[in-house]
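Here are some exercises to help you read a protein structure step by step. Try each task yourself before you look at the solution.

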Amino acid sequence: MNSFIYFIKDEFGFIRYVGQTRVGQVRFKRHISDAKWTKKKQPILDFIRKSLKLNRPFTFEIAELVSVESLDQREIYWIGFLKDIGVKLLNLTSGGNQGSKRGTPWNKGLVGVCKAWNKGTPSLFKGTPRTDD
């Protein structure tokens, strides 16, 4: 079974988010649905909400076709590579499906990161507090 590494890009074509999926476009639609219909507070959902509100286009692009077995490894690679060359991603983790298991200690820690994001904590985001502009 094939899986995908995908990018979500902003209106200028800059990569804002790296993700993994086994269901292609369905995952993109889920991001949009979560942004529209839930109160989840995550940087990627905030980005989508803002883009929709301001009528700014954003795109979903399949970056790489990979085997299920290498999915986590390739997501970690892409996030690390893009961050190393200075891309400011909205990903909260280094990848590898770290937040996918509900109730795990890591997932509980993600709640704290998301709360910090919502408060605009500078230390987590290279000294720049989040703004709503």
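The protein in this predicted model has four helices and three strands.

**Exercise 1. In what order do the elements of the protein run from the N terminus on, and in what order do the strands form the sheet?**

Step 1. Walk along the chain: from the N terminus on, the elements come as β-β-α-α-β-α-α.

Step 2. Now look at the sheet. The three strands form an open sheet in the order S2-S1-S3, with antiparallel pairing.

Step 3. Find the edges. S2 and S3 are the edge strands, since each of them pairs on one side only. From one strand to the next, the twist averages 25 degrees.

Step 4. Zoom in on one pair. S1 and S2 are joined in the antiparallel sense over six bridges. To see how residues line up across strands, find Tyr6, which stands opposite Gly19 in S2.

**Exercise 2. Is Tyr17 buried or exposed, and how many residues along the chain lie between it and Leu92?**

Step 1. Locate the residue: Tyr17 belongs to strand S2.

Step 2. Compare its accessibility with the cut-off. Tyr17 has a relative accessibility of 14%, and buried means under 20%, so Tyr17 counts as buried.

Step 3. Check a distance. Tyr17 and Leu92 are 75 residues apart along the chain, yet their C-alpha atoms are separated by 9.5 Å.

Step 4. Put this residue in context: buried residues make up 38% of the 133 residues in the protein.

**Exercise 3. How far apart are the closest N and O atoms of Arg56 and Glu11, and which parts of the chain does the pair link?**

Step 1. Take the distance. The closest N and O atoms of Arg56 and Glu11 are 3.8 Å apart. A salt bridge needs a side-chain nitrogen of Lys or Arg within 4 Å of a carboxyl oxygen of Asp or Glu, so Arg56 and Glu11 form one.

Step 2. Place both partners. Arg56 is in the loop between helix H2 (43-53) and strand S3 (59-67), and Glu11 is in the loop between strand S1 (2-9) and strand S2 (15-21). The pair links distant parts of the chain, 45 residues apart.

Step 3. Add the accessibility. Arg56 is partly exposed at 34% relative accessible area, and Glu11 is partly exposed at 30%.

**Exercise 4. Which residue forms a salt bridge with Glu64, and which residue with Lys40?**

Step 1. Start at Glu64. Its partner is Arg74, with the closest N and O atoms 3.1 Å apart. Glu64 lies in strand S3 and Arg74 in helix H3 (residues 71-84), so this pair ties together parts that are ten residues apart in sequence.

Step 2. Look at how covered the two are. Glu64 is buried at 18% relative accessibility, whereas Arg74 is partly exposed at 23%.

Step 3. Move to Lys40. Its side chain meets that of Asp34 in a salt bridge, at 3.5 Å from N to O. Here Lys40 is partly exposed at 36%, while Asp34 is buried at 17%.

Step 4. Take stock: the count of salt bridges comes to five.

**Exercise 5. Which residues of H2 are buried, and what is phi of the residue Asn55 that follows H2?**

Step 1. List the buried residues of H2: Pro43, Ile44, Leu45, Asp46, Phe47, Ile48 and Ser51.

Step 2. Go past the end of the helix. Asn55 is in the loop between H2 and S3, and its phi is near 60 degrees, which is a positive value in a residue other than glycine.

Step 3. Check its accessibility. Asn55 has 69% relative accessibility, and exposed means over 50%, so Asn55 counts as exposed.

**Exercise 6. Which residues make a nonpolar surface patch, and which side chain joins that of Ser70 in a polar contact?**

Step 1. Find the patch: Tyr77, Phe81 and Ile85 make a nonpolar surface patch of about 280 Å².

Step 2. Recall a rule about helices. An α-helix has 3.6 residues a turn, so residues three or four places apart point the same way.

Step 3. Place one member of the patch. Ile85 is in the loop between H3 and helix H4 (105-119), and it is exposed at 54% relative accessibility.

Step 4. Turn to Ser70, in the loop between S3 and H3. Ser70 is buried, with a relative accessible area of 17%, and a polar contact of 3.0 Å joins its side chain to that of Ser67.

Terms used: Residues are numbered from 1 along each chain as its sequence is written. This is a predicted model: local features need pLDDT of at least 70, side-chain atom pairs count only at pLDDT 80 or more; totals for chains, interfaces and linings use all residues. Side-chain values use heavy atoms; hydrogens and water are left out. Helices (H or I, at least four residues) and strands (E, at least two) are DSSP runs, numbered from the N terminus. Buried means under 20% relative accessible area, exposed over 50%, partly exposed in between (1.4 Å probe, protein chains only). A polar contact is a pair of N or O atoms within 3.5 Å; within protein, one must be able to donate a hydrogen and the other to accept it, and residues adjacent in sequence count only if both atoms are side-chain atoms. Patches are made of residues with over 30% relative accessible area and no salt bridge: like charges are joined within 9 Å, nonpolar side chains (Val, Leu, Ile, Met, Phe, Trp, Tyr) within 5 Å. Accessible areas come from the Shrake-Rupley method with a 1.4 Å probe; for residues, only the protein chains shown count as cover. Two strands pair if DSSP finds at least two bridges between them. Axes are lines fitted to C-alpha atoms, for helices over the stretch in contact, and angles run from 0 to 180 degrees between N-to-C directions.
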